[in-house]
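Please open the model in your viewer and keep the sequence panel beside it, since the stops below are given by residue. The tour moves from one selection to the next and says what is to be found at each.

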Amino acid sequence: ASSFWRGHGYLHYEVSSYARSEAEKSRHNSGYWTPRASWLGLGLGAASSEEGARFSRPRKMRDYEAWVEDGAVVPAAPPP
């Protein structure tokens, strides 16, 4: 697939994304790859990042419920 899209003038970026130009790259995903980015994911197994420290919520419902009952504590960010 990569050679096909590149052969048709598309730029390859991220793992499996292609764009016709730099201006047409997805802005949505770019925040996830920015160093020290912060974003919030909600729900089972969702990933979040706090100033670049990534963490995930429990994937199983009973584990997620227990995590919420315990105060939904987010792991401390590791030192930079």
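Begin by selecting alanine 53, which lies in strand E4 of what is a predicted model. With a relative accessibility of 13%, alanine 53 counts as buried, because the cut-off for that class is under 20%. If you then add proline 75 to the selection, you will find its C-alpha 9.0 Å from that of alanine 53, although 22 residues separate the two in sequence.

Next, extend the selection to the whole of strand E4, residues 53–56, and show the side chains. Ala53 and Phe55 point to one face and are buried, whereas Arg54 and Ser56 point to the other face and are not. In general, the side chains of a regular strand alternate between the two faces of the sheet.

Now bring in strand E3, residues 47–50, which pairs with E4 in the antiparallel sense over four bridges. Which residue of E4 is the bridge partner of glutamate 50? The partner is alanine 53, the residue with which the tour began. Between the two strands of this hairpin there are two residues, and glutamate 51 takes a positive phi near 50°.

Stay with glutamate 51 and display its side chain together with that of arginine 36, for the two meet in a salt bridge with an N to O distance of 3.2 Å. This pair links distant parts of the chain, with glutamate 51 in the loop between E3 and E4 and arginine 36 in the loop between strand E2 (17–19) and E3, 15 residues apart. Glutamate 51 itself is partly exposed, at 45% relative accessibility.

How many salt bridges does the model contain in total? The count comes to three, and the remaining stops visit others of them. Select glutamate 24 and arginine 20, whose side chains meet in a salt bridge at 3.2 Å, N to O. Here glutamate 24 is partly exposed, at 42% relative accessibility, while arginine 20 is exposed, with a relative accessible area of 56%.

Finally, select lysine 25 and glutamate 22, where the side chains again meet in a salt bridge, with 3.2 Å from N to O. Lysine 25 counts as partly exposed at 26% relative accessibility, and glutamate 22 counts as exposed at 56%. As a general matter, side chains of opposite charge can pair when their charged atoms come close.

Note on methods: Residues are numbered from 1 along each chain as its sequence is written. This is a predicted model: local features need pLDDT of at least 70, side-chain atom pairs count only at pLDDT 80 or more; totals for chains, interfaces and linings use all residues. Side-chain values use heavy atoms; hydrogens and water are left out. Buried means under 20% relative accessible area, exposed over 50%, partly exposed in between (1.4 Å probe, protein chains only). Two strands pair if DSSP finds at least two bridges between them. A salt bridge is a side-chain nitrogen of Lys or Arg within 4 Å of a carboxyl oxygen of Asp or Glu.
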